[in-house]
Amino acid sequence: MESIESDPPPPPPPPRQAQIPLPSATSGGSFSENSANFTSVPIHIITEPSQLPIEFLEPSPQKQLVIGLDCEGVDLCRNGTLCIMQLAFADAIYLVDVIEGGVKVMEACKPALESSYVTKVIHDCKRDSEALYFQFGIKLNNVLDTQIAYSIIEEQEGKNRVPDDYISFVGLLADPRYCGMSYPEKEEVRVLLRQDPSFWTRRPLSEMMIRTATDDVRFLLYIYKKMIDKLTDVSLWRVFIRGALYCHCFCLNNNNFADWPPLPPIPDDLAGEDSVPQGEILSVLDVPPGKMGRVIGKRGASIMSVKQSCNAEIHMGGNKGPPDRVFIIGSVKEVRKAEALIRGTMMDI
């Protein structure tokens, strides 16, 4: 009897591709998606640790990495749900599916996310750090936050600081000094999220979800290189200190972050310079019940007055919490000044 040969299984589909800008791209003008300044890299959907690069899973001083990082989820904070973590490498983008991969894949990522050998480039890391810490026990470390870096470069170039003038990721992408790319789909996704808060929990991942998650990280390494070229040594040190404090900001614990990685020390080559700024601290101010309204004031007038009177960053938990606390970041002198002014708003007259 003749054997019947079965057809070979079809080859797997080619991986999805993302366009990322090359470091050699010129700084002037806006990018075009079809420009020679872009190159294609594969997009990988990750549900198992073995699908991630070994140099990421096992960070070491011999193979130091710089990666882009972002997180997506439902009401992303301590009480929300982290659904996707995006990792941008120079040669690939990895979308870690936290819904499908669960604790196992996040535990595998923990050493790299906490490692000083892996620089994480991220835009406004506060809520991402909070979600990683409270949901998976991950203490996000060694962060270059592009929102912080943008502000410090503006200050370095002599521009006056304006309270609450934090650039959005869309605004950063649009700035021709860093990227010059429009991102209209971001607003489309915001509308979808308002209509369907569980958008990021849907499985399988839709093409729009994959594209949107990818867009949030595919430019980060290019922006990082642009910013590194602009930052002085002192400013770069300040960026990493403030990034560490941003990571701490909403991650309150009972031991003053003693179990977290230490803040970046003053580099040896800066220790003797007169221009080295004061180290920065994070202060968490408890607000007695019923007093937060006074702290904020009518239409935010009280807290805005405090922000205009001192050179410190002041953040509140808002609807996501933590409630009844004010978070202050800056030099010791400016933080103490802000504390005194905020306490003054609470006083009975």
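When I say contact in this talk, I mean heavy atoms within 4.5 Å. Helices (H or I, at least four residues) and strands (E, at least two) are DSSP runs, numbered from the N terminus.

A word on the source: this is a predicted model, where local features need pLDDT of at least 70, side-chain atom pairs count only at pLDDT 80 or more, and totals for chains, interfaces and linings use all residues. Residues are numbered from 1 along each chain as its sequence is written, and side-chain values use heavy atoms, with hydrogens and water left out.

Okay, let's start with a helix pair. On the helix 6 side we have Glu185, Glu188, Val189 and Leu192, and they meet Met208, Arg211, Thr212 and Asp215 of helix 7. Sort that contact by class and you get three nonpolar, one polar and four charged residues. For those classes, Ala, Val, Leu, Ile, Met, Phe, Trp, Tyr, Cys and Pro count as nonpolar, Asp, Glu, Lys and Arg as charged, and the others, Gly among them, as polar.

How do the axes of helix 6 and helix 7 cross? Helix 6 covers residues 185-195 and helix 7 covers residues 207-215; their axes come within 11 Å and cross at roughly 125°. Axes here are lines fitted to C-alpha atoms, for helices over the stretch in contact, and angles run from 0 to 180 degrees between N-to-C directions. Helix 6 and helix 7 are therefore oblique to each other; under 35 degrees would count as roughly parallel, over 145 as roughly antiparallel, 65 to 115 as roughly perpendicular, and the rest is oblique. The crossing of these two, helix 6 and helix 7, is left-handed, as the word is used when the near helix is turned anticlockwise from the far one by less than a right angle (clockwise would be right-handed).

On to the sheets. Two strands pair if DSSP finds at least two bridges between them. One open sheet has seven strands in the order 1-2-5-4-3-6-7, with mixed pairing. Its edges are strand 1 (16-21) and strand 7 (143-145), each with a single partner strand, so one side of each is left without a neighbour in the sheet. From one strand to the next, the twist averages 30°.

Let's walk in from strand 1. Strand 1 pairs with strand 2 (residues 38-46) in the antiparallel sense, over six bridges. Pro21 stands opposite Phe38 in strand 2, and Gln17 stands opposite Pro42. Strand 2 then pairs with strand 5 (residues 93-97) in the parallel sense over four bridges, with Ile43 opposite Ile93.

Now Cys83, in strand 4. Buried or exposed? Cys83 is buried, with a relative accessible area of 0%; buried means under 20% relative accessible area, exposed over 50%, partly exposed in between, using a 1.4 Å probe and protein chains only. Cys83 and Ile99 sit 16 residues apart in sequence, yet their C-alpha atoms are 5.4 Å apart. Leaving aside neighbours within four places in sequence, the contacts of Cys83 include Glu72, Val96, Ile99 and Trp200.

The second sheet is also open: three strands, order 8-10-9, antiparallel pairing. Its edge strands are strand 8 (280-286) and strand 9 (313-316), each pairing on one side only. Neighbouring strands there are turned by 20° against each other on average, direction ignored. Strand 8 and strand 10 (residues 325-331) pair over seven bridges, and one of the bridge partners to look at is Val326 in strand 10, across from Leu285. Helix 9 (residues 233-248) packs on this sheet, touching strand 8, strand 9 and strand 10, and its direction makes about 25° with that of strand 8.

Helix 9 turns up again back at the seven-stranded sheet: helix 9 lies across strand 6 and strand 7, running at about 100° to strand 7.

Last stop, helix 4 (residues 146-156). How many of its residues are buried? Eight of the 11, so helix 4 is largely enclosed by the rest of the structure. Among the buried ones are Ile148, Tyr150, Ile152 and Glu154. What do they pack against? Strand 6, helix 3 (126-136), strand 7, helix 5 (169-174), helix 8 and helix 9. Have a look at Glu154: it is buried, with a relative accessible area of 14%. Setting aside its neighbours within four places in sequence, Glu154 is in contact with Lys159 and Arg177.
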